[in-house]
Amino acid sequence: MAERQEQAAPDAVMTRIGQVVMLHHAGDREEARQRLLGLWAEIGEDGDPLHRCTLAHYLADTQDDPADELAWDLRALTAAEELTDDRLAAHERALAVRALYPSLHLNLAADYVRLGHRDAARTHLRRAREASGSLADDGYGNGVRAAIGRLEARLRESPGDGGPGPRPPRQRP
């Protein structure tokens with residue numbers, strides 16, 4: 001019974017992350033970055049994979065340097081690979097682990113495009129497309145699939161592995 005109540009209770013770290021994300025969406029990017037970094041310091045490199053995945057994903061959104069954004073997105077993917085469906089089910093907004101991968105790989109592809117590494121971008125875009133079958137047929141799933149399609153078209157239009165391009169929009173897992 002206590003275990004069931006614990007699972008039903010809100011995840012305080014996820015709540016705090018959500019509050020900081022609202023701050024970021026309201027336009028205070030620097031303050032959001034500092035607060036997210038504070039949370040990252042609290043949970044540490046070995047903390048709960050769901051917390052690390054979520055934090056790293058949103059920390060990537062707050063970066064000014066595309067290389068820093070890539071580093072945080074890689075951390076998010078690494079943490080996602082440690083997640084289990086059971087851990088996600090304990091969170092009130094549970095997702096299947098496999099539903100995270102299309103967005104995570106899409107964001108990595110966009111990072112690599114900005115850094116001018118088209119081949120790496122294509123690799124992650126292919127992984128995003130392959131994983132997109134796990135997405136529901138809803139607004140989120142359709143949005144991720146549409147973003148994959150837009151980035152695929154962009155890469156077809158500029159097939160070279162030239163310099164950095166403009167910042168493609170990011171997707172939220």
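## Gly149 in helix α9

Gly149 is partly exposed, with a relative accessible area of 25%. This residue belongs to a predicted model, and its place is in helix α9. Along the chain, Gly149 and Leu125 are 24 residues apart, while their C-alpha atoms are separated by 9.2 Å. Leu125 itself belongs to helix α8, where it takes part in the contact with α7.

## The chain as a whole

The chain contains 9 helices and 0 strands. Read from the N terminus, its elements follow the order α-α-α-α-α-α-α-α-α.

Of the 173 residues in the chain, 43% are buried. Contacts between residues at least 6 apart in sequence have also been counted, and 65% of them join residues at least 24 apart.

## The nonpolar core

The largest nonpolar core has 44 residues. Within this core, the residues with the most contacts are Ile17, Leu36 and Leu106. At least two residues of the core come from each of α2 (12-25), α3 (29-43), α4 (49-61), α5 (66-82), α7, α8 and α9 (139-157). Helix α7 gives the most, with 8 residues.

Leu36 may be considered in more detail. When its neighbours within four places in sequence are left aside, Leu36 is in contact with Ile17, Val20, Leu55, Tyr58, Leu59 and Thr62. Ile17, one of these partners, is also named among the core residues with the most contacts.

## The pair α7 and α8

Two packed helices are described by the angle between their axes and the distance between the axes. For helix α7 (residues 101-114) and helix α8 (residues 118-131), the axes come within 8 Å and cross at roughly 165°. An angle over 145 degrees counts as roughly antiparallel, and α7 and α8 are therefore roughly antiparallel to each other. The crossing in which α7 passes α8 is left-handed.

On the side of α7, the contact is made by Tyr101, Pro102, His105, Leu106, Leu108, Ala109, Tyr112 and Val113. On the side of α8, Arg118, Ala120, Ala121, His124, Leu125, Arg127, Ala128 and Ala131 take part. By class, the residues of this contact divide into 12 nonpolar, 2 polar and 2 charged. Leu106, a participant from α7, is also one of the residues with the most contacts inside the largest nonpolar core.

## The pair α2 and α4

Helices α2 and α4 pack with their axes 10 Å apart, at an angle of about 10°. Angles under 35 degrees count as roughly parallel, and these two helices are therefore roughly parallel to each other.

From α2, the residues making the contact are Val13, Met14, Ile17, Val21 and His24. From α4, they are Leu50, His51, Thr54, Leu55, Tyr58 and Asp61. The contact of α2 with α4 has 7 nonpolar, 3 polar and 1 charged residues. Among the participants are Ile17, Leu55 and Tyr58, which are also in contact with Leu36.

## Ala79 in helix α5

Ala79 is found in helix α5. With a relative accessible area of 1%, Ala79 is buried, whereas Gly149 in α9 is partly exposed.

Residues up to four places away in sequence aside, Ala79 touches Pro49, Arg52 and Cys53. Ala79 also lies 9.4 Å from Gly47, C-alpha to C-alpha, although 32 residues separate the two in sequence.

Technical notes
Residues are numbered from 1 along each chain as its sequence is written. This is a predicted model: local features need pLDDT of at least 70, side-chain atom pairs count only at pLDDT 80 or more; totals for chains, interfaces and linings use all residues. Side-chain values use heavy atoms; hydrogens and water are left out. Axes are lines fitted to C-alpha atoms, for helices over the stretch in contact, and angles run from 0 to 180 degrees between N-to-C directions. Helices (H or I, at least four residues) and strands (E, at least two) are DSSP runs, numbered from the N terminus. Angles under 35 degrees count as roughly parallel, over 145 as roughly antiparallel, 65 to 115 as roughly perpendicular and the rest as oblique. A crossing is left-handed if the near helix is turned anticlockwise from the far one by less than a right angle, and right-handed if clockwise. Contact means heavy atoms within 4.5 Å. Ala, Val, Leu, Ile, Met, Phe, Trp, Tyr, Cys and Pro count as nonpolar, Asp, Glu, Lys and Arg as charged, and the others, Gly among them, as polar. A nonpolar core is a set of buried Ala, Val, Leu, Ile, Met, Phe, Trp, Tyr and Cys residues joined through side-chain atoms within 4.5 Å. Buried means under 20% relative accessible area, exposed over 50%, partly exposed in between (1.4 Å probe, protein chains only).
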